[in-house]
Amino acid sequence: MSVVASETAETAGGKAAAAGEAGKIRCDACPVMCIIKDGMTGACDRYANAAGELIRVDPHVLIDRTLSAGGEFVPFLGREAEWDGRLLGEATTFVTAIGAGTTYPDYKPAPFIVASEVDGVDMVTVVTEGIFSYCGVKVKIDTDRWLGPEQAMVRADGEAIGHVTTGEYGSQMLSLGGVHHLTGGSKREGKVTCDALLTLSNGLPVELAIDGGSTVIVEAGKAPIVNGVPETRMRVGCGSATIGMFAKQWLGLADEVVVVDDHITGVLSEHQAGKLLGIPDTGIRMKGRRSTPGRYFQVAEPGTGWGGTNLDDPLAILGAFDPKKGARPGLTLFMVSTTGEHAAYFVLDEALRPIEHAIPAPLAAVAERIAENCEPALSTVLFMGGAGGSLRSGVTENPVRLTHSVKQALTRVTCGGAPAYVWPGGGITFMVDVTRMPSNAFGYVPTPALVAPIEFTMTLADYQALGGHMDHVRRLAQADTPQGRRLVAPISDNPWPFGPSGGGGTS
């Protein structure tokens, strides 16, 4: 299939409207519609007036597979002279939307609709920097420590920007941004929310304060810092799971083992693993709510102490030992947390009171084994947006067909070349791990809203079938970018956007 050559490239953000005053132009790249003087930038710092021409300030980012792996940037100014006329290798270059510009309002075709041949197949990638007023980020914080009650407000710079959601497997989840905080509150709330989302999405740290809870510094791909203390370990599992993993290693070293955990505290002698190993009853009595044998809920309040509880003394979760059920003087008890960070060893005296002793070396080694099996604690930031609105008009004259094409996995969705997870259901609601995107991939407009790159890749035949803007398709070599280009190497963990296992689109 031949590609219809385009007309000369327009400015990245579309043609600027005349502002009626000499030397000034109106930027139409977002709803703010700044009037920009010659030599100045608009309120977003993304667009500028260069001698009466509206230009996108940042270079357009392209991913080039020929660059060495590792994600290192190639200096733009030095690279231009080395290209010997080859703008891009079609099979080895991917045009991202970073720096491409916007087309607000979206009745216009996307800034770049680029065709290339990959393995003998004509492909097309449509790129645009979407303006997302209804976006947010989901934050996963690997920590046992209590950050705050579910549904509590999360604040940045004193403004509510989101809330605590659920605690999941060894992690605490936060939901930040969204339509309510960006557009439904005060003007300052929207601005602070936008600033926080932008900072997090660009991989920089943000300090968050949780009502009735902790402060936490979050930075994508880095360890969270809770109340000023860097977290190091994600728990190996709940107390019950920890017993399942290490029960055999405790056999013969202690009569009883209690794994202290805010969620599920495990007791070896009662646990199924202990029964299968023939561990006799010890007469231990636990506080909290018994779920199933050897598994207890709510042994203490949540906190930053042992196993994510509010306790510094683990004995506080024990009742009196029962001699009728196996308790005896000299019985040994090992207590440990799910990260191995806390551990203590006790021996019952004549009154059946646990007296602390030094931890025997073999038991200390098992505690170290628990720590060794913990994953490093990280903060994960997923940007979440919806491309089900007018942005689709920049791709096709019949927007719903783009939605259908994405759902049918005919069109692959990427963000700055990173694979995106597309939610089932209506629209094109997607999530992307910001650490898999080139740095500084996000921008903002003071409406307020985030600007995020998004690319749609499909075969040229499919593009034509869904009503694409065929008269704006350009070959890769014709995709001129007045503001310049910046080549970056692919991020090593990402599937190549054109590859059969590209990973974008529906999952």
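Leaving aside its neighbours within four places in sequence, with which residues is Arg-235 in contact? In this predicted model, the residues that Arg-235 touches beyond that sequence window are Asp-144, Gly-170, Asp-261, His-263, Thr-338, Thr-339 and Cys-374. Arg-235 itself is located in the loop that connects strand S18 to helix H4, and it counts as buried because its relative accessibility is 7%, where the cut-off for burial is under 20%. Two of these contacts are polar and involve side chains on both sides: the side chain of Arg-235 is joined to that of Asp-261 by a polar contact of 2.7 Å, and to that of His-263 by a polar contact of 2.9 Å.

The setting of this residue may be described from the protein as a whole. The secondary structure comprises eight helices and 35 strands, and 52% of the 507 residues count as buried. Of the contacts between residues at least 6 apart in sequence, 68% join residues that are at least 24 apart.

One of the sheets is open and consists of seven strands, arranged in the order S21-S22-S20-S19-S23-S24-S25 with mixed pairing. Its edges are formed by strand S21 (289-292) and strand S25 (354-357), each of which pairs on one side only, and the twist from one strand to the next averages 30 degrees. At the S21 edge, strand S21 runs antiparallel to strand S22 (residues 295-297), to which it is joined by three bridges; within this pairing, Arg-290 stands opposite Tyr-296 of S22.

Helix H4 (residues 239-250) packs on this sheet, where it touches strand S19 (256-260), strand S20 (265-267), strand S22 and strand S23 (332-337), and the direction of H4 makes about 150 degrees with that of S19. A further helix, H6 (residues 361-372), lies across S23 and strand S24 (343-348), and runs at about 20 degrees to S23. The 12 residues of H6 reach 16 Å from the first C-alpha to the last, which is close to the 16 Å expected at 1.5 Å a residue. Buried positions in H6 are Leu-363, Val-366, Ala-367, Ile-370 and Ala-371; because these residues cover an arc of only 150 degrees around the axis, they are placed on the same side of H6. The elements that cover the buried residues of H6 include strand S18 (233-234), helix H4 and strands S23 and S24. On the face of H6 turned away from the buried side, by contrast, are the exposed residues Ala-361, Glu-368 and Glu-372.

A separate set of pairings concerns strand S28 (residues 412-415). Strand S28 is joined by three bridges to strand S33 (residues 449-459), with the two strands running antiparallel, and it also pairs in the antiparallel sense with strand S29 (residues 418-419), in this case over two bridges. Thr-414 takes part in both pairings, having Glu-455 as its bridge partner in S33 and Pro-419 as its bridge partner in S29. Strands S28 and S29 form a hairpin with two residues between the strands, and in this hairpin Gly-416 takes a positive phi near 60 degrees.

Notes: Residues are numbered from 1 along each chain as its sequence is written. This is a predicted model: local features need pLDDT of at least 70, side-chain atom pairs count only at pLDDT 80 or more; totals for chains, interfaces and linings use all residues. Side-chain values use heavy atoms; hydrogens and water are left out. Two strands pair if DSSP finds at least two bridges between them. Helices (H or I, at least four residues) and strands (E, at least two) are DSSP runs, numbered from the N terminus. Axes are lines fitted to C-alpha atoms, for helices over the stretch in contact, and angles run from 0 to 180 degrees between N-to-C directions. Contact means heavy atoms within 4.5 Å. The expected span of a helix is 1.5 Å times one less than its number of residues. Buried means under 20% relative accessible area, exposed over 50%, partly exposed in between (1.4 Å probe, protein chains only). The arc is that of the directions from the helix axis to the C-beta atoms. A polar contact is a pair of N or O atoms within 3.5 Å; within protein, one must be able to donate a hydrogen and the other to accept it, and residues adjacent in sequence count only if both atoms are side-chain atoms.
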